[in-house]
Structure formats: structure tokens, C-alpha cells
Amino acid sequence: MAFRRLDDGFGHWDALLDLILASFAYMNGRIDPPSSALALTSETLKAKAFSDIAYAALDGEQLVGCIFCRPELESLYVGKLAVLPTAQGKGIGRRLVALAETKARELGLKTLRLETRIELTDNHATFAAWGFRKTAENRHAGFDRTTSIEMRKAIT
């Protein structure tokens, strides 16, 4: 398994978009509002990779995972953590989060922060097993109910 930072030399934006959409497909019809991943294009994904800190996981030549991170005041925000369904359960997500932890330490940030939809209780459990703790409940604009939870992991 190889991990690489997404930069100008990365030319597989369509494949990366396909990976994210495949990874997030199980959410379709399950979460409301729908995932922001559905609004991504190859072009917007490339722009996001350059404005954020993004890494890809490759199994040989096959793209199997990714993570996008954005520095905040005290945290590194983790978003679009995706692993191909056929590659899940092999530690790829955990290793991508470890890359984010390393980057947070390099930047002098104290925590990783992420948001996960309220309906995705399996994700809550996975992130908790990885050391994240629920810190807030949030709602998307226009909703009168909780739509997501925030979780943080202390960087030691």
C-alpha cells in the first residue's frame, strides 16, 4: 500500500471522484440532506485537493482511498475520508487518519476534527474506535433537527 499527497503530478481526478462516489453511495437515500460529495466534479475535486491537504491510498496502480484535510485554528478538519467498499476493513482508513495526525502535529494543531451524519451510527462507532469523541451536535441550514455530529481526536 502506498500513500501520496495529491499535487500537480496526480492525474487521476476522474478515478478519485469515482472512488468517493462509490465509497459514499451507501448514504444515498439514507441521509438528509444528501452528501455534498454528490455535487463534486473532477474539476472541483482537483481545486479542493489544492486548497486542502489531500492524500490518496494506492494498492499498486489502483486508487483505493483518500482523505482531505483543512487546517483550522486549533484543529485539522478531516473531510471526504473515503475507502473503496471492496478495500474496506483492511486498515486503509485508519492509515489515512494517521497521515492526518502526522500533518496536524507538523502544523502544531492539537486535534483532528470531523463531522459525520447522525444516521451513520456505524461511522460513529468506527471513529470512536479510532480515538475520536463526540463533541457537538449540528444541523444543516434549514433543518430543525440534528443532522450531524462533530467528533474530535486529541493529538498527542
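This report describes helix 4, the aromatic pairs, the salt bridges, the cysteines and the unusual backbone geometry of a predicted model.

## Helix 4 and its surroundings

Helix 4 spans residues 121-129, and its buried residues are Asn123, His124 and Phe127. These residues lie on the same side of helix 4, because they cover an arc of only 105° around the axis. As a general matter, an α-helix has 3.6 residues a turn, so residues three or four places apart point the same way. The face of helix 4 that is turned away from the buried side carries the exposed residues Asp122 and Ala129.

The packing partners of the buried residues of helix 4 are strand 4 (75-83), strand 5 (111-117) and strand 7 (148-154). After helix 4 comes Gly131, which has a positive phi, near 100°. Phe127, one of the buried residues of helix 4, also takes part in an aromatic pair with Phe132, as set out in the next section.

## Aromatic pairs and a charge over a ring

Across the whole structure, a search finds 4 aromatic pairs. One of them joins Trp13 and Phe50 in an edge-to-face arrangement, with 5.8 Å from centre to centre and 80° between the planes. This pair links distant parts of the chain, since Trp13 belongs to helix 1 (residues 13-24) and Phe50 to helix 2 (residues 42-51), 37 residues apart. The two partners can also be described by their accessibility: Trp13 counts as buried at 9% relative accessibility, whereas Phe50 is partly exposed, with a relative accessible area of 37%.

In the pair formed by Phe127 and Phe132, the ring centres are 5.8 Å apart and the planes stand at 65°, so this pair is edge-to-face as well. Both Phe127 and Phe132 are buried. Trp13 and Phe50 further belong to one aromatic cluster together with Phe10. A contact of another kind involves Tyr55, whose ring has the charged end of Arg5 sitting over it, 6.0 Å from the ring centre.

## Salt bridges

How many salt bridges does the model contain? The count comes to 13 salt bridges, and the table gives details for some of them, including the distance between the closest nitrogen and oxygen atoms.

| Salt bridge | N to O distance |
|---|---|
| Arg113 and Glu115 | 3.1 Å |
| Arg145 and Glu119 | 3.9 Å |
| Glu150 and Arg152 | 3.2 Å |

The salt bridge between Arg145 and Glu119 links distant parts of the chain, with Arg145 in the loop between strand 6 (133-138) and strand 7 and Glu119 in the loop between strand 5 and helix 4, 26 residues apart. Arg145 is partly exposed, with a relative accessible area of 32%, and Glu119 is likewise partly exposed, at 23%.

In the salt bridge of Arg113 with Glu115, Arg113 counts as buried at 9% relative accessibility, while Glu115 is partly exposed with a relative accessible area of 36%. In the salt bridge of Glu150 with Arg152, the acidic partner Glu150 is buried, with a relative accessible area of 11%, and Arg152 is partly exposed, at 28%. These four residues, Arg113, Glu115, Glu150 and Arg152, are linked with Arg70 and Glu72 in a network of salt bridges.

## Cysteines

The model has a count of 0 disulfides. Why is Cys66 not bonded to Cys69, the residue with the closest cysteine sulfur? The sulfur of Cys66 is 10 Å from that of Cys69, which is too far for a bond, given that a disulfide requires the sulfur atoms to lie within 2.5 Å. Cys69 is accordingly in no disulfide. Cys66 is buried, with a relative accessible area of 0%, and Cys69 is also buried, with a relative accessible area of 0%.

## Unusual backbone geometry

Most residues other than glycine have a negative phi, and most peptide bonds are trans. Against that background, two sites deserve a closer look. The peptide bond that joins Asp32 and Pro33 is cis, with an omega of about 5°, and Pro33 has its place in the loop between helix 1 and helix 2. Lys80, although it is not a glycine, has a positive phi of about 50°. Lys80 is found in strand 4 and counts as buried at 16% relative accessibility.

How values were computed:
Residues are numbered from 1 along each chain as its sequence is written. This is a predicted model: local features need pLDDT of at least 70, side-chain atom pairs count only at pLDDT 80 or more; totals for chains, interfaces and linings use all residues. Side-chain values use heavy atoms; hydrogens and water are left out. Buried means under 20% relative accessible area, exposed over 50%, partly exposed in between (1.4 Å probe, protein chains only). Helices (H or I, at least four residues) and strands (E, at least two) are DSSP runs, numbered from the N terminus. The arc is that of the directions from the helix axis to the C-beta atoms. Contact means heavy atoms within 4.5 Å. Rings of Phe, Tyr and Trp (its six-membered ring) pair if their centres lie within 6.5 Å; planes under 30 degrees apart count as stacked, over 60 as edge-to-face and the rest as tilted. A charge sits over a ring if NZ of Lys or CZ of Arg is within 6 Å of the ring centre and within 35 degrees of the ring normal. A salt bridge is a side-chain nitrogen of Lys or Arg within 4 Å of a carboxyl oxygen of Asp or Glu.
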